[in-house]
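User: Hey, I'm new to this one. Can you walk me through it?
Analyst: Sure, have a look and ask away.

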Amino acid sequence: MANHYQYAVEKAAGYKLMVNAHEAVRPTGLCRTWPNLIGNESARGTEYQAFGGNKPNHVTVLPFTRLIGGPMDYTPGIFEMDINKINPRNNSHVNSTLCNQLALYVTLYSPLQMAADLPEHYNQFSDAFQFIKEVAIDWDNSLYLEAEPGEYLTVARKAKGTSNWFVGNVAGENGHHSHIKFDFLEPGKKYSARVYSDAPNAHYKTNPQAYQIREMTVTHKTVLKQRSAPGGGFAISIIEQ
């Protein structure tokens, strides 16, 4: 099966086709030799949230394990956490807040992304969906601002070919308080930042869809203090003015 997997990737390259493989073999860096392998699952992706759920700390660990082997198609962007509202026979729960789901577009690298929920759920939270519409999918620069695997992770990435940045934070079971310096921004310039964050009463189990959005002007001297709920996170779009 491993040989067939590589054969399929090489054969697709001959036809100038990209491959995004789910249920794939373990990542070995094959995408560095065959860059048409644009993404793999190769770990417990979002679909497992419907099979009993991943633990909330799962996404704080993957960047230090699975993603070492190449881009991961995690299928992020879930806004409805109660699976039984979609399938009454399934009582699984997505162990994440809505803002945690937004942050995954930044913290889990994949140059091929998707919006994995139903259109009606995005219509219900159209202001939060704006981040998914804006966030880049490939990057000129990536900075890991803070991390404790299993507890929290904050990543800032500069959108490819632009001066715009996106920041994502995911937190585990205990939540997290971030203290983020924006010194990665270009000095002398002002940026418009939109912060998508957990509401004060948000919790991945009891109130996962509670969020708030605020706008602010930031520079390279700005310092942001931001709380993430248990199983929560925040996402920030930073656009040059």
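User: Let's start small: is C99 buried or exposed?
Analyst: C99 is buried, because its relative accessible area is 1%, and the cut-off for buried is under 20%. Keep in mind that this is a predicted model.

User: And C31, buried or exposed?
Analyst: C31 counts as buried too, because its relative accessibility is 15%.

User: How many disulfides are there?
Analyst: A search through the whole structure turns up 0 disulfides.

User: OK, new topic. Which residues have the most contacts inside the largest nonpolar core?
Analyst: Those are F79, L98, L102, F131 and F166, in a core of 34 residues. Two or more residues each come from helix 4 (98-107), helix 6 (126-134), strand 4 (152-159) and strand 5 (165-171). Helix 4 gives the largest share, with 7 residues.

User: What does F131 touch, leaving aside its neighbours within four places in sequence?
Analyst: F131 is in contact with L102, Y105, V106, F166, Y196, A235, I236 and S237. I236 also turns up in a second, separate core of 15 residues, which includes L185, V218 and F234 as well.

User: Now the sheet. What order do the 6 strands come in?
Analyst: The order is 3-4-5-10-7-8, in an open sheet with antiparallel pairing. On average, neighbouring strands in this sheet are turned by 15° against each other, direction ignored.

User: Why do strand 3 and strand 8 each have one side without a neighbour in the sheet?
Analyst: Strand 3 (139-148) and strand 8 (211-218) stand at the edges, each with a single partner strand, so one side of each has no neighbour there.

User: How many bridges join strand 4 to strand 5?
Analyst: There are 7, and the two strands run antiparallel. Within that pair, T154 stands opposite N169 in strand 5.

User: Where does helix 4 lie?
Analyst: Helix 4 lies across strand 3, strand 4, strand 5, strand 7 (191-198), strand 8 and strand 10 (233-240), and runs at about 125° to strand 5. Helix 6 packs on the sheet as well, touching strand 5, strand 7, strand 8 and strand 10. The direction of helix 6 makes about 125° with that of strand 7.

User: Last one: which residues are on the covered face of strand 6?
Analyst: H176, S178 and I180 are on the covered face, while H177, H179 and K181 make up the uncovered one. Strand 6 pairs with strand 9 (residues 223-228) in the antiparallel sense over 6 bridges, and H177 stands opposite R227 in strand 9.

Technical notes: Residues are numbered from 1 along each chain as its sequence is written. This is a predicted model: local features need pLDDT of at least 70, side-chain atom pairs count only at pLDDT 80 or more; totals for chains, interfaces and linings use all residues. Side-chain values use heavy atoms; hydrogens and water are left out. A nonpolar core is a set of buried Ala, Val, Leu, Ile, Met, Phe, Trp, Tyr and Cys residues joined through side-chain atoms within 4.5 Å. Buried means under 20% relative accessible area, exposed over 50%, partly exposed in between (1.4 Å probe, protein chains only). Helices (H or I, at least four residues) and strands (E, at least two) are DSSP runs, numbered from the N terminus. Contact means heavy atoms within 4.5 Å. Two strands pair if DSSP finds at least two bridges between them. A disulfide is a pair of cysteine sulfur atoms within 2.5 Å. Axes are lines fitted to C-alpha atoms, for helices over the stretch in contact, and angles run from 0 to 180 degrees between N-to-C directions.
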